[in-house]
Amino acid sequence: MLKNSPFYAGIAVDDTAKAKAFYGDALGVFGVIDVGNGLLALQATNGYSVLLYPKPGHVPAAHTVLNFPVDDIDSAVDQLAEAGVVFERYDEGPLKTNEKGIATPGPKQAWFKDPAGNILSVIEQ
């Protein structure tokens, strides 16, 4: 029944104006489109999209909700940090990060939060 449905994911935010500025300006997402009624669509170059919707009393999830694959994580982290993105630091466990916030071994990955507190990451392909 749904095999031809062009499904998409949704992420709640507490302030769509802040989300629009963060995703469009700080992160430089390909397309941040106002679709009306306070909704934003994040569009990737591969055709995927994510809906950002306002939710009063929003409480962010305790897990990563969106991953951005990159070719060179060190360069991506540097550029995002220059744009004001603050990376999470984990001092122990399997996600232990270096001074830039990049976790290894395994796929190199670095986590950060959007203005609503949602956890995002860049991950080296």
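## Exercises: hairpins, a sheet, a pocket and a charged network

Start with a hairpin: five residues lie between S3 and S4, and within this hairpin Gly-47 has a positive phi near 95°. Helices (H or I, at least four residues) and strands (E, at least two) are DSSP runs, numbered from the N terminus. The model is predicted, so to speak on paper: local features need pLDDT of at least 70, side-chain atom pairs count only at pLDDT 80 or more, and totals for chains, interfaces and linings use all residues. Residues are numbered from 1 along each chain as its sequence is written, and side-chain values use heavy atoms, with hydrogens and water left out.

**Exercise 1. Trace the pairing of S2, S3 and S4.**

Step 1. Take S3 and S4 first: they pair in the antiparallel sense over four bridges. Two strands count as paired if DSSP finds at least two bridges between them.

Step 2. Pick out a partner: Leu-42 has Val-50 in S4 as its bridge partner.

Step 3. Now go back to strand S2 (residues 31–36), which is joined to S3 by five bridges and runs antiparallel to it. Here Gly-31 has Gln-43 in S3 as its bridge partner.

Step 4. Check the turn: the hairpin of S2 and S3 has two residues between the strands, and Asn-37 takes a positive phi near 55° there.

**Exercise 2. Lay out the four-stranded open sheet and place H2 on it.**

Step 1. Write down the order, S5-S8-S7-S6, with mixed pairing. Strand S5 (64–70) and S6 are the edge strands, each pairing on one side only.

Step 2. Look at S7 (residues 109–113) and S8 (residues 119–124): they run antiparallel and are joined by five bridges. Gln-109 stands opposite Ile-123 in S8.

Step 3. Add the helix: H2 packs on the sheet and touches S5, S6, S7 and S8, and its direction makes about 140° with that of S8. Contact here means heavy atoms within 4.5 Å; axes are lines fitted to C-alpha atoms, for helices over the stretch in contact, and angles run from 0 to 180 degrees between N-to-C directions.

**Exercise 3. Work out which residues hold the salt-bridge network together.**

Step 1. Count: the structure has two salt bridges, each a side-chain nitrogen of Lys or Arg within 4 Å of a carboxyl oxygen of Asp or Glu.

Step 2. Asp-74 pairs with Lys-100, with the closest N and O atoms 3.4 Å apart. Asp-74 sits in helix H2 (residues 73–82) and Lys-100 in the loop between H2 and strand S6 (102–103), 26 residues apart.

Step 3. Lys-100 also meets Asp-78 in a salt bridge (2.9 Å, N to O). Lys-100 is in the loop between H2 and S6 and Asp-78 in helix H2, so this pair ties together parts 22 residues apart in sequence.

Step 4. Join them up: through shared partners, Asp-74, Asp-78 and Lys-100 form one network.

Step 5. Check accessibility: Asp-74 is partly exposed at 29%, Lys-100 is partly exposed at 23%, and Asp-78 is partly exposed at 35%. Buried means under 20% relative accessible area, exposed over 50%, partly exposed in between (1.4 Å probe, protein chains only).

**Exercise 4. Say which strand gives the most to the lining of the largest pocket.**

Step 1. List suppliers: strand S3 (39–43), strand S4 (49–54), S5 and H2 each supply at least two lining residues.

Step 2. Compare: S5 gives the most, with five residues.
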